[in-house]
Structure formats: structure tokens, C-alpha cells
Amino acid sequence: MGILKLFRGKAAPQAPAIDRPVPRHIAVIMDGNGRWAKKRGMPRSYGHAVGAETFRTIATYCKDIGVQYFTVYAFSTENWKRPKEEVDALMDLFRKYLKEAAETMFQRGVAVRVLGDLTPLPADIRAQIAEVDEIADSLGPDAATASLCINYGGRDEIKNAVRALAREVQAGTVSPEDITEDSIAAHLYTAHMPDPDLIIRPSGEIRTSNFLLWQSAYSEYYFTEVLWPDFSTADMDRAIDDFNRRARRFGGV
């Protein structure tokens, strides 16, 4: 089955009627693609392809139920250490999927964005990301946004923000005393969106894996054994219901 046929194979679900509050920003550490494929005797690349389809399904569902921002961890700064054939397969997946997904999700009113240090990516993928940005821009600043974090690492992001501020101090446009939490946040890849309210980690792993380290200071975490390719809209509903049962005090009482 061709990759694009796989992505187009499912009919768009009808927007559900929602009678409960939803988080403004949900983030997901997409995990378990390789294990999902291995259980089926398939190569890890197949798991990544099905996981990409799950991203499209869940991202559009989140938009339909009123979630403004949906952010996923697609490829970390550490993922370059994986076997070359798997990295190459992921790059090919980005080539085949990014623009098609952006166009398909555009029809549902979802703006697709890519976050991370894009400089190490192949030139053709960077060009494709620029096209995806143009598609997203045409929806306007208030559109529901689905962001893919590619070559992203939380520590790397903070390092780059600090370097940018250091250059401003060196240039004399900012004094060290003027640096605040807000000014640091303004130099992060996520400067255009609020911090995540809910971060979901599928696949049974219980760690943050260098994802949104600054932004997750007061995020609620939800862990599930479900592997990402099997993650359904019902699983998202369960995560949101669990989130709604929690009391968020942000350091207060």
C-alpha cells in the first residue's frame, strides 16, 4: 500500500458534540511505532507511517472538539542516533507526508506547523516546510494549530534561546537585568502558543524524554500503555476526562 493511499484511506470523522471542557493545548510524545510494527512482523518504518496517520486523525479530532493547539514529538535531536535506515525512512516519510497532510488538514481548518532546529534537515524537506508554513499562514493566526516537533530537543531549545538573548545583550539592545521568564519564552520555538495544559505519553514509558522542558513546568501528564498507532479518539477522550478530574493549583493551595 502506497504511503499517500494510506493517509487518504480513512474518511474524515464527523465533528462530535462535546459537552465538557477541553484543554487549550495538548501535546503528545508519539511513542510505540516501532514496537507496534514489530508485533505485526512489519518493519519499523511501517509503524512510523501508521503513526503519522494517527497524528492526522487525532489532530483533526482535537480541532473538532475545541482544542486550539495540538503538538507532537515527531523526531528528536537524539533520534539521529538510530540506525541509518530508520532515519532515512523517517526523512522519506516527512517528504511524502508533510505537504499532503498540511493540505488535507487545511480542508478541516487545521494549520500544520513544524517546530525545531531545522538547519540539519535535508534542503528539500526544509523547502517543503516553507510551503507548509504558507498553507498554514493562509488560515490566519486564530486557526487551530497542529505542530510537529522535528529535530527538537528541550535542552537544545533552551540553549538556543539563551544564545539569542546573549547576542542581544552583546549588541546592547537588552541588559541582563531585563531578562525575564517571558523574554526567555519569547525566544522558544513555541513563542506563538501557550504552554501545554496536558502532555500525553503513550506506550507505557514514564518519562519526559527532553520534550517541552521549559513549557511543561505546570503541565499535567497522562501516561497510557496504548501504543501510538493504536491511539484512538476514545483514548483522547479518556485522557481529557482524566485531566478534567485534576485540580490545577500552579503552586497555590
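I looked up how far apart in sequence the contacting residues lie: among contacts in the protein with a separation of 6 or more, 79% join residues 24 or more positions apart. I note that this model is predicted.

I then listed the secondary structure and found eight helices and six strands. Read from the N terminus, the elements follow the order α-β-α-α-β-α-β-α-β-α-α-β-β-α. I next checked the radius of gyration, which is 18 Å; the globule rule gives 18 Å for 253 residues, so the protein is as compact as a globular protein of that length. Along the principal axes, the C-alpha trace spans about 55 × 45 × 35 Å.

I turned to the surface and the interior. The accessible surface comes to about 12,600 Å², and carbon and sulfur atoms hold 52% of that area. Of the 253 residues, 46% are buried.

I also looked up the charges. The protein carries 32 positive and 35 negative side chains. The centres of these two sets lie 6 Å apart.

As a single residue to follow, I chose Ala239, which I located in helix 8, spanning residues 233–244. Is Ala239 buried or exposed? I recorded a relative accessibility of 0% for Ala239, and the limit for buried is under 20%, so Ala239 counts as buried. Which residues does Ala239 touch, apart from its neighbours within four places in sequence? I found contacts with Leu198, Ile200 and Tyr222. I also looked up Ile199, 40 residues from Ala239 along the chain; the C-alpha atoms of Ala239 and Ile199 are separated by 9.4 Å.

Key: Residues are numbered from 1 along each chain as its sequence is written. This is a predicted model: local features need pLDDT of at least 70, side-chain atom pairs count only at pLDDT 80 or more; totals for chains, interfaces and linings use all residues. Side-chain values use heavy atoms; hydrogens and water are left out. Helices (H or I, at least four residues) and strands (E, at least two) are DSSP runs, numbered from the N terminus. Buried means under 20% relative accessible area, exposed over 50%, partly exposed in between (1.4 Å probe, protein chains only). Contact means heavy atoms within 4.5 Å. The radius of gyration is taken over C-alpha atoms; the globule rule is 2.2 Å times the number of residues to the power 0.38. Accessible areas come from the Shrake-Rupley method with a 1.4 Å probe; for residues, only the protein chains shown count as cover. Lys and Arg count as positive and Asp and Glu as negative; His and the chain ends are not counted. The place of a charge is taken as NZ of Lys, CZ of Arg, CG of Asp or CD of Glu.
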